[in-house]
Amino acid sequence: MTKTTTASNELAIDQKGLTAARKSLDDGAITPAYGPHRNAIIKLLNDSLATELVCVLRYKRHHFMASGLSSPKIAEEFLVHANEESAHADRIARRIVQLGGEPDFSPKTLLERSHADYDDSNDLKTMVRVNLIAERVAIETYHQMIQLIGDKDTTTRRMLEDILADEEEHADELKDWLED
């Protein structure tokens, strides 16, 4: 029995894409495969960068302002979360540069671009609650970004999936503290 395959069923590398990849060397890793979505992805990433930076600032403040019987343990965990959010911001900024964009660290627009809020409360339970809300917002944002990006940029999608896992862990820890 002879097997016939139509052109639409074949998996084949696009030779035009390979030819284009041999040009524009100044673009580094950015090849034609990134298509028309690169700038939109950079915008999404810059908004996430703002969110992560606002989260760092909020967690740092809460770390230094936490007081009460259970505050030493929670304050230390706030610092751990701040450092992890800072690492997320670094990863996002690095990816923006890899995509040929510029990371936006402007303090003037951080709150406008952030999906999460800053908080200056002094009550420990309120701090935990506000941070849990921010983590849940980050989780929802990253879920949506992952869906939007899909296979348009697999490297960014994988990075966001890693960050999402950290944010889910943070939310679980914060939820546990609310129950104590």
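Colleague: Is Glu161 buried, partly exposed or exposed?
Modeller: Glu161 counts as partly exposed, at 35% relative accessibility, where buried means under 20% relative accessible area, exposed over 50%, and partly exposed in between, with a 1.4 Å probe and protein chains only. This is a predicted model, in which local features need pLDDT of at least 70 and side-chain atom pairs count only at pLDDT 80 or more, while totals for chains, interfaces and linings use all residues. Residues are numbered from 1 along each chain as its sequence is written, and side-chain values use heavy atoms, with hydrogens and water left out.

Colleague: Which side chain meets Glu161 in a salt bridge?
Modeller: The side chain of Arg157 does, at 3.5 Å from N to O; a salt bridge is a side-chain nitrogen of Lys or Arg within 4 Å of a carboxyl oxygen of Asp or Glu. Arg157 is itself partly exposed, at 21% relative accessibility.

Colleague: And where do those two sit?
Modeller: Both are in helix H6, four residues apart, which is about one helical turn; helices (H or I, at least four residues) and strands (E, at least two) are DSSP runs numbered from the N terminus.

Colleague: Switching topic, how many salt bridges are there?
Modeller: The structure holds five, among them one between Asp153 and Arg95, at 2.9 Å from N to O. Asp153 lies in the loop between helix H5 (124-149) and helix H6 (154-179) and Arg95 in helix H3 (residues 71-98), so this pair ties together parts that are 58 residues apart in sequence.

Colleague: Are Asp153 and Arg95 buried or exposed?
Modeller: Asp153 is buried, with a relative accessible area of 2%, and Arg95 also counts as buried, at 6% relative accessibility.
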